[in-house]
Amino acid sequence: MTTTGPQPDWRSWVESANSADTHFPIQNLPYGVFSPEPGARPRIGVAIGEHVLDLAVLESEGLLVCDETVFDRPTLNAFIGLGRAAWHDVRGRIATLLRDSESALRDNQALRARCLFPLGGVRMHMPVQVAGYTDFYSSKEHATNVGKLFRDPDNALLPNWSEMPIAYNGRASSVVVSGTPVKRPNGQIKLPDQTRPIFGPCRKLDLELEMGFIVGQDTPLGTPVRCDQAEDFVFGMVLLNDWSARDIQAWEYVPLGPFNAKTFATTISPWVVPFNALEPFRVAQPEQSPAPLKYLQQTGHHAFDIQLQAWLSPHEGNEEELLCQTNFRYLYWSIAQQLAHHTVSGCNVRVGDLMGSGTISGPEPGSYGSLLEITLNGKEPYTLAGGGQRSFIEDGDAIRLTGWCQGKGYRVGFGNCEGTILPAQSL
């Protein structure tokens, strides 16, 4: 059996994986943690078409062999920690087992019954134990729009924004998997007509359409990651919704940035798309001016053509509707530059660290990745097709993010990243 990674023309004996619009063809093979039935222990699987392939079963049968047992576990961390060579080898072996010309699993009906489960019948869990969480602010369009709304319309970008990837360190403890309900946060809110803040539920709850990458290896404290080597440290990518309380944020973010406005929840998609699966979709990133300092300079293409959408399901029961659509390629600062800057001071990273891209907004109104931008901070409410309006997210509303790369006859997708808003806790 060869371990060559999946090629663009490969097809699978799992028929649903050959559909042109599935997010999970054989060219993708994203990793996740699932339970096949209620009460069953979580284990690692790969999404293939409309099914999940149980890697723990394949491991127990000797079809997937690593230096240690890593797939019968409740997180991906141990597998990720094996390193890039293991990632590439395992992905190649899985792809070969699923290829339509390979009989080892295709023709073993008993084994297939033990290791292949319909996606709709499994429970998904957090894919990684998040060691640390950092959220960047790397979309020039988003930063400009927010600067105009929150600070000075004539000087929207602060001088440092064009010199380095800006970020804040968030709470790893409140990162949750898609489908987890999100409770509206309480906090201090400064109303325009009052001299002191009030305390109460957030009135301007927002989404942020982002992506995140998972760090794949530890670094020693005091050792920076070079920009030209940074992508070697990336295991894979997820969709990310950085839920944001805009009224709490506006009052607290000067002088040290977001705090309670961002800590209450961050939702990620359950499937981690391997970084290798994105290679065919590399594109040039936006031109950077001024030229970055030497430690942030890079050559080649370091953006990715990932189409992204945010959808709203109103609590009134109307049909889900599209809020915005944008593209990961709009990000000004690349993943490599983000990681290089994050570590340049000597900050160490660990397997499972989550790095958010920041809200991804494009140049046109329909591509703005937050309601703050779409509604101009509530001044121009969004009109729902089924009736009613939204300035910000209301209790009972559900937000769904989705995204994919479009290949020739196939997609490499990320599935969905979903959350429904619950009322604030009474205090």
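**Entry 1. Strand β13 and its partners**

I looked up the pairing of β13 in this predicted model. Strand β14 (residues 234-241) is joined to β13 by seven bridges, and the two run antiparallel. I took one pair as a reference point: Glu 210 has Leu 240 in β14 as its bridge partner. I then turned to β22 (residues 354-356), which pairs with β13 over three bridges, again in the antiparallel sense. Here Ile 214 is matched with Leu 354 of β22.

I next asked how far β13 is enclosed by the rest of the structure. Seven of the seven residues of this strand (residues 209-215) are buried, so β13 is largely enclosed. In a regular strand, side chains alternate between the two faces of the sheet. I therefore read the two faces of β13 separately, taking buried to mean under 20% relative accessible area. One side carries Leu 209, Met 211, Phe 213 and Val 215, the other Glu 210, Gly 212 and Ile 214, and all of these are buried. Glu 210, a member of the second group, is the residue already noted as the partner of Leu 240.

**Entry 2. The antiparallel sheet**

I traced an open sheet of five strands and recorded the order β4-β3-β2-β1-β5, with antiparallel pairing. The edges are formed by β4 (116-118) and β5 (123-125); each has a single partner strand, so one side of each lacks a neighbour in the sheet. On average, neighbouring strands are turned by 45 degrees against each other, with direction ignored.

Within this sheet I examined β2 (residues 43-48) and β3 (residues 51-54), which run antiparallel and are joined by four bridges. Ile 48 has His 51 of β3 as its bridge partner. I also recorded helix α3 (residues 84-98), which lies across β1 (31-35), β2 and β3 and runs at about 65 degrees to β1.

**Entry 3. The mixed sheet**

I found another open sheet of five strands, in the order β9-β26-β25-β20-β21, and its pairing is mixed. Its edge strands are β9 (182-183) and β21 (321-327), each of which pairs on one side only. I checked the β9 edge: two bridges join β9 to β26 (residues 411-422), and these strands run parallel. The bridge partner of Lys 183 in β26 is Leu 422.

**Entry 4. The largest pocket**

I computed the space in the largest pocket as about 590 Å³. Of the 28 residues that line this pocket, Tyr 137, Arg 151, Ile 166, Tyr 253 and Pro 258 are the closest to its centre. Elements that give two or more residues to the lining are β6 (133-136), α6 (140-150), β7 (167-170) and α7 (246-252). By class, I recorded 16 nonpolar, six polar and six charged residues in the lining.

Which element gives the largest share of the lining? I found that α6 does, with four residues. I therefore looked at burial in α6, with under 20% relative accessible area as the cut-off: His 142, Ala 143, Thr 144, Asn 145, Val 146, Gly 147 and Phe 150 are buried. The buried residues of α6 pack against α7 and α10 (371-374), and α7 is itself one of the elements listed for the pocket lining.

**Entry 5. The cavity**

I searched for cavities of 30 Å³ or more and found one. The space in the largest cavity is about 50 Å³. I listed its lining as Gln 285, His 302, Ala 303, Phe 328, Leu 331, Tyr 332, Trp 333, Ser 334 and Ile 335. These divide into six nonpolar and three polar residues, with no charged ones.

**Entry 6. Backbone exceptions**

Most residues other than glycine have a negative phi, and most peptide bonds are trans. I looked for departures from both.

I noted that the bond from Val 254 to Pro 255 is cis, with omega near 15 degrees. Pro 255 lies in the loop between α7 and α8 (260-263). The bond from Ser 289 to Pro 290 is also cis, with omega near 5 degrees, and Pro 290 is placed in the loop between β18 (282-283) and β19 (303-304).

For phi, I recorded a positive value near 60 degrees at Leu 29, in the segment before β1. Is Leu 29 buried or exposed? Its relative accessibility is 1%, so Leu 29 counts as buried. Asn 377 likewise has a positive phi near 60 degrees; I located this residue in the loop between α10 and β23 (382-383).

Terms used
Residues are numbered from 1 along each chain as its sequence is written. This is a predicted model: local features need pLDDT of at least 70, side-chain atom pairs count only at pLDDT 80 or more; totals for chains, interfaces and linings use all residues. Side-chain values use heavy atoms; hydrogens and water are left out. On a 1 Å grid over the protein atoms alone, a cavity is a set of points where a 1.4 Å probe fits but cannot get out, and a pocket is an open set with protein on both sides within 12 Å along at least five of seven lines; lining residues have an atom within 4 Å of a point. Grid points are joined across faces, edges and corners, and a volume is the space filled by probe spheres set on the points. Ala, Val, Leu, Ile, Met, Phe, Trp, Tyr, Cys and Pro count as nonpolar, Asp, Glu, Lys and Arg as charged, and the others, Gly among them, as polar. Buried means under 20% relative accessible area, exposed over 50%, partly exposed in between (1.4 Å probe, protein chains only). Contact means heavy atoms within 4.5 Å. Two strands pair if DSSP finds at least two bridges between them. Axes are lines fitted to C-alpha atoms, for helices over the stretch in contact, and angles run from 0 to 180 degrees between N-to-C directions.
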